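Please examine the sequence and the three-dimensional model shown below. The explanation that follows leads from a single residue to its wider surroundings.

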Amino acid sequence: MPQSISCIPDTFIAVGANLPRESGETAAMTCLWAVGELARIPGLSVVGVSAWYESAPVPPSGQPPYVNGVVRMAGDVDPAWLLERLHAIEAAAGRRRTVVNAPRPLDLDIISMGALVRKAPDPILPHPRATQRAFVLLPLRDVMPDWRDPVTGQGIDAFLPGVAGQAIARMAEPEGVGGPA
């Protein structure tokens, strides 16, 4: 059962994949499936889904490109409890944690939960590298243009120059994958 910590207005989950699932679903199909799984988490509801983006891995590694998006959720749940749910969804998609930054059929990260700042225990909030990744910032801007980093108070536009060199493009609507909600 979710444990309440305080009234948290918005939770943002980054969704990404760059490998097909063992059952054959493409990375884009897996991302859409993950949105459906997120909607089933008790205590949270999906209130927005960004457009989908194709991005190069960060750091560069020779891996296939990623499909990325951000899901905006509303509700009041404990961050550690939510992280456990996300790890279970990743495992159901076939993710095996091997080495850091390995290719994966699904990656789910909590970007932020309201204005919560949490250094320990996991999850660290806001996500410590969110403002350094175009594949987080651009989809986040789709679902919450006025999002502010809870640590610095800066808005998304303040971080975009720092990610300008990262390869990312908004995808045409892949079959079965919807755009902004």
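**From one leucine to the core and the pocket**

Setting aside neighbours within four places in sequence, L82 is in contact with T11, I13, I41, L44, V77, I110 and M113. This picture comes from a predicted model.

The next step is to place this residue in its setting. L82 is among the residues with the most contacts inside the largest nonpolar core, as are V15, L38 and L108. That core has 28 residues. At least two residues each are supplied to this core by β1, α1 (27-39), β2 (44-49), β4, α2 and β5. Of these elements, α1 gives the largest share, namely six residues. Another core, of 20 residues, lies apart from the one just described; F12, I111, A134 and F159 are among its members.

From the cores, attention may turn to the open spaces of the model. The largest pocket has a volume of about 930 Å³. It is lined by 41 residues, of which R104, D107, D109, H127 and R129 are the closest to its centre. Two or more lining residues come from each of β1 (11-17), β4 (66-75), α2 (79-92), β5 (107-113) and α3 (134-143).

Which element provides the largest share of the lining of the largest pocket? It is β5, with five residues. As for chemical character, the lining divides into 22 nonpolar, nine polar and ten charged residues.

Some elements appear in both parts of this account. The strand β5, for instance, supplies residues to the largest nonpolar core and also to the lining of the largest pocket.

Terms used: Residues numbered from 1 in each chain as written. Predicted model: local features only at pLDDT ≥ 70, side-chain atom pairs only at ≥ 80, totals over all residues. Heavy atoms only, no water. 1 Å grid on protein atoms, 1.4 Å probe; cavity = no way out; pocket = protein on both sides within 12 Å on 5 of 7 lines; lining within 4 Å. Points joined across faces, edges and corners; volume = space filled by probe spheres on them. Helix = DSSP H or I, 4+ residues; strand = E, 2+ residues; numbered from the N terminus. Nonpolar A, V, L, I, M, F, W, Y, C, P; charged D, E, K, R; others polar. Core = buried A, V, L, I, M, F, W, Y, C linked by side-chain atoms within 4.5 Å. Buried < 20%, exposed > 50% of the residue type's maximum accessible area, 1.4 Å probe, protein only. Contact = heavy atoms within 4.5 Å.
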